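Let's walk through this one together, question by question. Have the sequence and the 3D view open as you read.

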Amino acid sequence: MPLTIDDAFRHADRFPLAMVWSPVRQGSKDFTMVAKLGAVFHLPNRKQLASLIVPTAYLPPNLPCPALGADNLCSIHADKPLRCRTMPFYPYREEQYQAELLKLQSGWACDMSDSAPIVFADKGITLRDDFDQERQALEQQHPQIQRYADYMLKYTPNLLNSLVKASLKAKAGQVVTSLSSFLTAIRHPATQSIARQQLPVLEAYQLKTANQKELADFHRHYQVSAKEMGFLAARS
């Protein structure tokens, strides 16, 4: 689940975090918004590639959200991330395309009665406080995202090739990098505190995904990230 930077750090003791890059090719209807909130890369063929770069609660789809209570309800409802509040609307997409997201999904408990409030009309969101708040947070954090993109492109030259390959997949491809690289790139003043909160979470998910072939990518991420967080947590 994508998070804002503030939400990710506020829940660093709860969610195993990663930085997820989602590339979008030039010509896509989402290209302009992705370029605005993420980063743009110039390719050798004179084309451009945009990518969202998002702190993410990096969870296997078959494991429950760690904020889910014993009663199967959200245990942090009053303090839940902006992404949870805004769903199913998606601020990484232009508003005129939001209607495509209003399709009832299995497991959703939506009020579909005649008395339910109208949330979208005439290509616009009508109940929009949460949407606007999340969009504003994404715009405000963009300078940090851009700094991270510049840092990674400088020190991880193969990253651009990975993004190009991911962009060619039929379904949206992604590239996953570690939160520690983000903390290092932006020189976050609370790096040590965040690392100390993340370390036990990553170690717990390392155990949950051990010896599960279908979760090998997740397990590998937790394993590597835990080592990196351990280093940052111990750094004086």
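Q: At 14% relative accessibility, does R93 count as buried or exposed?
A: Keep in mind that this is a predicted model. Buried means under 20% relative accessible area. R93 comes to 14% relative accessibility, so this arginine counts as buried.

Q: With which residue does R93 form a salt bridge, the closest N and O atoms being 3.2 Å apart?
A: Side chains of opposite charge can pair when their charged atoms come close. For a salt bridge, the nitrogen has to be within 4 Å of a carboxyl oxygen. The closest N and O atoms of the R93 pair are 3.2 Å apart, and the partner is E100.

Q: How many residues apart in sequence are the parts that E100 and K29 tie together?
A: E100 also forms a salt bridge with K29, with the closest N and O atoms 2.8 Å apart. E100 lies in the loop between α3 (82–86) and β4 (120–121), while K29 sits in the loop between β1 (17–25) and α2 (31–37), so the pair ties together parts of the chain whose separation in sequence is 71 residues.

Q: Are E100 and K29 buried, exposed or partly exposed?
A: Partly exposed covers the range between the 20% and 50% cut-offs. E100 has a relative accessible area of 37%, and K29 has one of 38%. Both values fall in that range, so E100 and K29 are partly exposed.

Q: Which residues are linked with R93 and E100 in a network of salt bridges?
A: E100 pairs with R93, and E100 pairs with K29 as well. The network also takes in an aspartate, so the residues linked with R93 and E100 are K29 and D30.

Q: How many salt bridges does the structure hold?
A: The E100 and K29 pair is a salt bridge, and the side chains of E134 and R83 meet in another at 2.8 Å, N to O. That second pair joins helix α4 (residues 129–140) to helix α3 across 51 residues, and both E134 and R83 are buried. For the whole structure, the number of salt bridges is ten.

Q: Which peptide bond is cis, with omega near 5°?
A: Most peptide bonds are trans. The cis bond leads into P88, whose place is in the loop between α3 and β4. With omega near 5°, the bond in question is the one from M87 to P88.

Q: Where is N72, whose phi is near 70°, found?
A: Most residues other than glycine have a negative phi. N72 has a positive value, near 70°. N72 is exposed, with a relative accessible area of 55%, and is found in the loop between β3 (48–57) and α3.

Q: What is the phi of K123, a positive value in a residue other than glycine?
A: K123 lies in the loop between β4 and β5 (124–125). K123 is exposed, with a relative accessible area of 59%. Its phi is positive, near 60°.

Q: What is the radius of gyration of the protein chain?
A: The secondary structure of the chain comes to nine helices and six strands. The globule rule gives 18 Å for 236 residues, and the chain comes close to that, so it is as compact as a globular protein of that length, with a radius of gyration of 18 Å.

Q: What percentage of the 236 residues of the protein chain count as buried?
A: A residue needs under 20% relative accessible area to be buried. Of the 236 residues, the share that counts as buried is 44%.

Conventions: Residues are numbered from 1 along each chain as its sequence is written. This is a predicted model: local features need pLDDT of at least 70, side-chain atom pairs count only at pLDDT 80 or more; totals for chains, interfaces and linings use all residues. Side-chain values use heavy atoms; hydrogens and water are left out. Helices (H or I, at least four residues) and strands (E, at least two) are DSSP runs, numbered from the N terminus. Buried means under 20% relative accessible area, exposed over 50%, partly exposed in between (1.4 Å probe, protein chains only). The radius of gyration is taken over C-alpha atoms; the globule rule is 2.2 Å times the number of residues to the power 0.38.
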